[in-house]
Amino acid sequence: MTDMPSPATASAKPAENGSQKKRRGPGALATAYLVIYNVVMTAGWLVIAVGLVRTYLTKGSYHNLYYSIERPLKFFQTGALLEIGHCAVGIVPSSVVLTAFQVMSRVFLTWAVTHSVREVQNEDSVLLFVVAWTITEIIRYSFYTFSLLNHLPYIIKWARYTLFIVLYPMGVTGELLTIYAALPTVKKTGLYSISLPNKYNFSFDYYTFLILVMVSYIPIFPQLYFHMFHQRRKVIVAEHKKSD
């Protein structure tokens, strides 16, 4: 999926209910590590953004831009796997299951689809989700960095809880079209499929699996998308009401 809608900023906020205890944030060492991690990830996605823009200006076309940012995209998207560990050890107050699902879905698309099925790398749909991911991640990691430093500019907060309205559907559309474009090649080559008979008496059809992945977007996408709208009402709309 395109965004990481969980609002965990790694520095906990006080509970609105006075009867609830204030959640403790990460310690000084954990905070320093998270700041470094988020700064590095912000810089990494900025490198991807610059690579896309520079190649576009050089070639004068948006076609085949994937090859100009293939390596940094794989590196920094795979680096997001560390976020599952952050949740697991408790230095970030997010759901391990939700974070794992969101991170793994992107890693899966990066490696098991786009990398493995080279025929789709020329598809415009790849650029669609790459651009959506890039803008989303620059905003998200900047948001986390400034939140950890207790100095969050309003423009970043606004972008975090507003631009997803366009970026999330844009990314999901690119992801689905890319998986769909990979289906003919997967079916023809039998990529990652295991057929019977074999000594393990086990079969796996990667083609069918990809179709099931596409179908899974139907119940999951609306939940995550409207969750972000709920977060936007809490963060942006509520803040405007207070200022009024």
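**Cavities, salt bridges and surface features of the predicted model**

Three cavities of 30 Å³ or more are held within the structure, which is a predicted model. The second largest of these cavities encloses about 70 Å³ of space. Its lining is made up of Y62, H63, N64, L65, Y66, Q121, N122, E123, D124, V126, L127 and V130. Among the elements that contribute to this lining, helix α5, which spans residues 124–148, gives the most to the second largest cavity, with four residues.

Pockets, which are open, were also examined. The second largest pocket has a volume of about 160 Å³. Ten residues line this pocket, and those that lie nearest its centre are F101, S105, F108, V213 and S216. Two or more lining residues come from each of the elements α4 (96–115) and α8 (206–243), and α4 gives the most to the lining of the second largest pocket, with five residues.

The UniProt record, an unreviewed entry, carries the annotation "transmembrane region" for residues 32–57, 78–105, 125–149, 161–183 and 206–226. In the model, the span of residues 32–57 is 100% helix and 0% strand, with its end C-alpha atoms lying 37 Å apart. For residues 125–149, the chain is 96% helix and 0% strand, and a distance of 36 Å separates the end C-alpha atoms.

A search of the whole structure finds four salt bridges. One of them joins K74 to E70, with the closest N and O atoms 2.8 Å apart. K74 and E70 are four residues apart in helix α2 (residues 66–79), so that about one helical turn separates them. K74 counts as buried because its relative accessibility is 11%, which lies under the 20% limit for that class. E70, at 15% relative accessibility, likewise counts as buried.

Another salt bridge is formed between R106 and E137, whose closest N and O atoms are 3.0 Å apart. This pair links distant parts of the chain, with R106 in helix α4 and E137 in helix α5, 31 residues apart. Both R106 and E137 are buried. The side chain of E137 also meets that of R140 in a salt bridge, at 2.7 Å from N to O. In contrast to the link between helices, R140 and E137 both lie in helix α5, where three residues, about one turn of the helix, separate them. The relative accessible area of R140 is 1%, and R140 is therefore buried, while E137, also at 1% relative accessibility, counts as buried as well. Through salt bridges that share partners, E83, R106, E137 and R140 are joined into one network.

On the surface, I135, Y154, I155, W158 and L163 form a nonpolar patch, with about 420 Å² of accessible area together. Helix α6 (residues 154–160) supplies the largest share of this nonpolar patch, namely three residues. W158 is placed in helix α6 and counts as partly exposed because its relative accessibility is 31%, a value that falls between the limits of 20% and 50%.

Several backbone features are found in the loop between α7 (164–189) and α8, where P197 has its place. The peptide bond that leads from L196 to P197 is cis, with omega near 0 degrees. Y192, which is found in the loop between α7 and α8, has a phi near 60 degrees, a positive value in a residue other than glycine. At 45% relative accessibility, Y192 counts as partly exposed. N201 is likewise found in the loop between α7 and α8, and it has a positive phi of about 55 degrees although it is not a glycine. The relative accessible area of N201 is 63%, and N201 is therefore exposed.

Notes. Residues are numbered from 1 along each chain as its sequence is written. This is a predicted model: local features need pLDDT of at least 70, side-chain atom pairs count only at pLDDT 80 or more; totals for chains, interfaces and linings use all residues. Side-chain values use heavy atoms; hydrogens and water are left out. Patches are made of residues with over 30% relative accessible area and no salt bridge: like charges are joined within 9 Å, nonpolar side chains (Val, Leu, Ile, Met, Phe, Trp, Tyr) within 5 Å. Accessible areas come from the Shrake-Rupley method with a 1.4 Å probe; for residues, only the protein chains shown count as cover. Buried means under 20% relative accessible area, exposed over 50%, partly exposed in between (1.4 Å probe, protein chains only). UniProt positions are given in the numbering used here, feature names are shortened, and annotations may be inferred rather than shown by experiment. On a 1 Å grid over the protein atoms alone, a cavity is a set of points where a 1.4 Å probe fits but cannot get out, and a pocket is an open set with protein on both sides within 12 Å along at least five of seven lines; lining residues have an atom within 4 Å of a point. Grid points are joined across faces, edges and corners, and a volume is the space filled by probe spheres set on the points.
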